Amino acid sequence: MASQGGQDPRLAKIASSIRVIPDFPKPGIMFQDITTLLLNPEAFKDTIDLFVERYREQNISVVAGVEARGFIFGPPIALAIGAKFVPMRKPNKLPGEVISEEYSLEYGTDTMEMHVGAVQPGDRALIVDDLIATGGTLCAAIKLIERVGAEVVECACAIELPELKGRDRLGDKPLFVLVSSDI
Amino acid sequence: MGAAENGGDPRLKAISDAIRVVPHFPKPGIMFHDITTLLLDHKAFKDTVDLFVERYRDMGISIVAGIEARGFIFGPSIALGIGAKFVPLRKPGKLPGKIISEPYELEYGTDQLEMHVGAVQPGERTIIIDDLVATGGTLSAAIRLLERFQAEVVECACVVGSPVVQGECELKEKPLFVLVEPHH
């Protein structure tokens with residue numbers, strides 16, 4: 001599994017603690033399982049530190065995390081850089097008034113929601129998820145944040161699957177990842 | 001035990017005040033305690049995590065188990081703060097590896113809570129985190145999952161809850177720690 005150039009010594013341990021599960025959720029998919037990373041406190045801490053080091057001087061006021069694995073990485077980053085954490089959720093989970101954005105799945109569509117008032121015009125936002133595949137989910141999150149007049153500074157994921165070209169789908173929004181997986 | 005009483009830690013009032021109550025969600029009669037507003041208050045969110053870390057850091061806890069999805073918001077930061085592993089407890093079909101499953105009661109019907117095989121080892125000292133405890137049904141299922149692998153559940157911890165769980169689920173006599181009680 002290749003990693004970002006510059007090769008911070010922490011990246012090798014992070015990459016090797018991610019477990020690949022073949023044929024999940026369906027045949028042909030090699031699922032990148034971050035739960036084994038979470039069982040390695042040093043590697044998990046290094047993962048968070050790498051993001052925090054990148055973003056702490058960038059005046060990020062919001063970290064938005066995509067349900068559910070974005071909830072694992074986003075809050076520790078938000079706490080360390082002094083930002084708000086905003087959960088982006090599946091429909092009907094958020095109890096207050098929401099705005100919604102529909103996005104495509106392989107078959108059909110899904111909807112992502114964000115609370116009205118969570119993000120303000122002028123907020124500088126980071127969007128976090130464990131992994132970027134096709135980029136559909138991140139695109140929906142970008143749209144929600146831009147709809148309320150905030151700026152998406154970057155999208156950040158632990159893992160990228162470059163063959164699925166999610167990076168291209170983000171348009172002009174930069175993407176930062178720790179580990180790139182070609183399988 | 002609850003912590004938000006007179007004479008309690010001074011950080012608790014801001015934490016309690018930052019939690020929004022949304023009436024009649026998800027259905028009429030339910031006063032839903034919404035922690036998303038707490039997450040918008042950086043100091044109060046940090047204090048929330050710190051209060052749990054201060055409580056658990058010297059208790060030899062090697063596992064923090066968090067219940068999907070709002071337990072994922074608090075659990076990992078606590079795990080990082082005390083040097084423990086984080087174990088997600090999830091709805092069916094989400095965990096990709098070999099799992100064990102426990103049913104629990106909903107108001108109508110049942111649901112399942114799952115954990116990866118191999119996530120916990122016998123004898124590990126664990127805490128279970130969720131944002132809120134109501135009937136205790138989900139926490140009880142979580143306790144059963146961990147005990148099936150002979151882990152020791154030291155305590156259940158929630159941001160919001162009554163210190164004594166009402167209703168049929170008794171948390172198997174495990175201690176329950178909450179930071180703030182439900183607003184009245």
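**Notebook: chain B, its partner and two details**

Entry 1. I looked up the contact between the chains and found that 34 residues of chain B touch 35 residues of chain A. I note here that the model is a predicted one.

Entry 2. I then looked up the area. The size of an interface is often given as the accessible area lost when the parts come together. Between chain B and chain A, about 2700 Å² is buried. Carbon and sulfur atoms give 71% of that area. On the side of chain B, I found that Leu40(B), Leu80(B) and Pro96(B) lose the most area to chain A, and together they make up 21% of what that side buries.

Entry 3. I searched for charged and polar pairs across the interface. The rule finds 0 salt bridges between chain B and chain A. I did find 7 residue pairs in polar contact, with both residues at pLDDT 80 or more.

Entry 4. I asked which helices and strands of chain B supply at least two residues each to the side that touches chain A. The list holds strands E1 (20–23), E2 (31–34) and E4 (85–89), along with helices H2 (36–39), H3 (42–56) and H4 (71–82), of chain B. H4(B) gives the largest share, 5 residues. Sorted by class, this side of chain B has 19 nonpolar, 8 charged and 7 polar residues.

Entry 5. I turned to helix H1 of chain B, residues 11–18. Which of its residues are buried? I noted Arg11(B), Leu12(B), Ile15(B), Ser16(B) and Ala18(B). They lie on the same side of H1(B) because they cover an arc of only 165° around the axis. The face turned away from that buried side carries Lys13(B) and Asp17(B), which are exposed. I also checked what the buried residues of H1(B) pack against: E1, H2, H3 and strand E9 (176–180) of chain B.

Entry 6. Last, I looked at one residue, Leu95(B), in the loop between E4 and strand E5 (99–105) of chain B. Is Leu95(B) buried or exposed? Its relative accessibility is 5%, so Leu95(B) counts as buried; the cut-off for buried is under 20%.

I listed what Leu95(B) touches, leaving out residues up to four places away in sequence. From chain A there are Phe24(A) and Thr35(A). From chain B there are Pro88(B), Arg90(B), Glu114(B), Met115(B) and His116(B). For His116(B) I also noted the spacing: Leu95(B) and His116(B) are 21 residues apart in sequence, and their C-alpha atoms are 6.9 Å apart in space.

Terms used. Residues numbered from 1 in each chain as written. Chains lettered and ligands numbered in written order. Predicted model: local features only at pLDDT ≥ 70, side-chain atom pairs only at ≥ 80, totals over all residues. Heavy atoms only, no water. Contact = heavy atoms within 4.5 Å. Buried area = accessible area lost by both parts, 1.4 Å probe. Salt bridge = Lys/Arg side-chain N within 4 Å of Asp/Glu carboxyl O. Polar contact = N/O pair within 3.5 Å; in protein donor to acceptor, adjacent residues only side chain to side chain. Helix = DSSP H or I, 4+ residues; strand = E, 2+ residues; numbered from the N terminus. Nonpolar A, V, L, I, M, F, W, Y, C, P; charged D, E, K, R; others polar. Buried < 20%, exposed > 50% of the residue type's maximum accessible area, 1.4 Å probe, protein only. Arc of directions from axis to C-beta.
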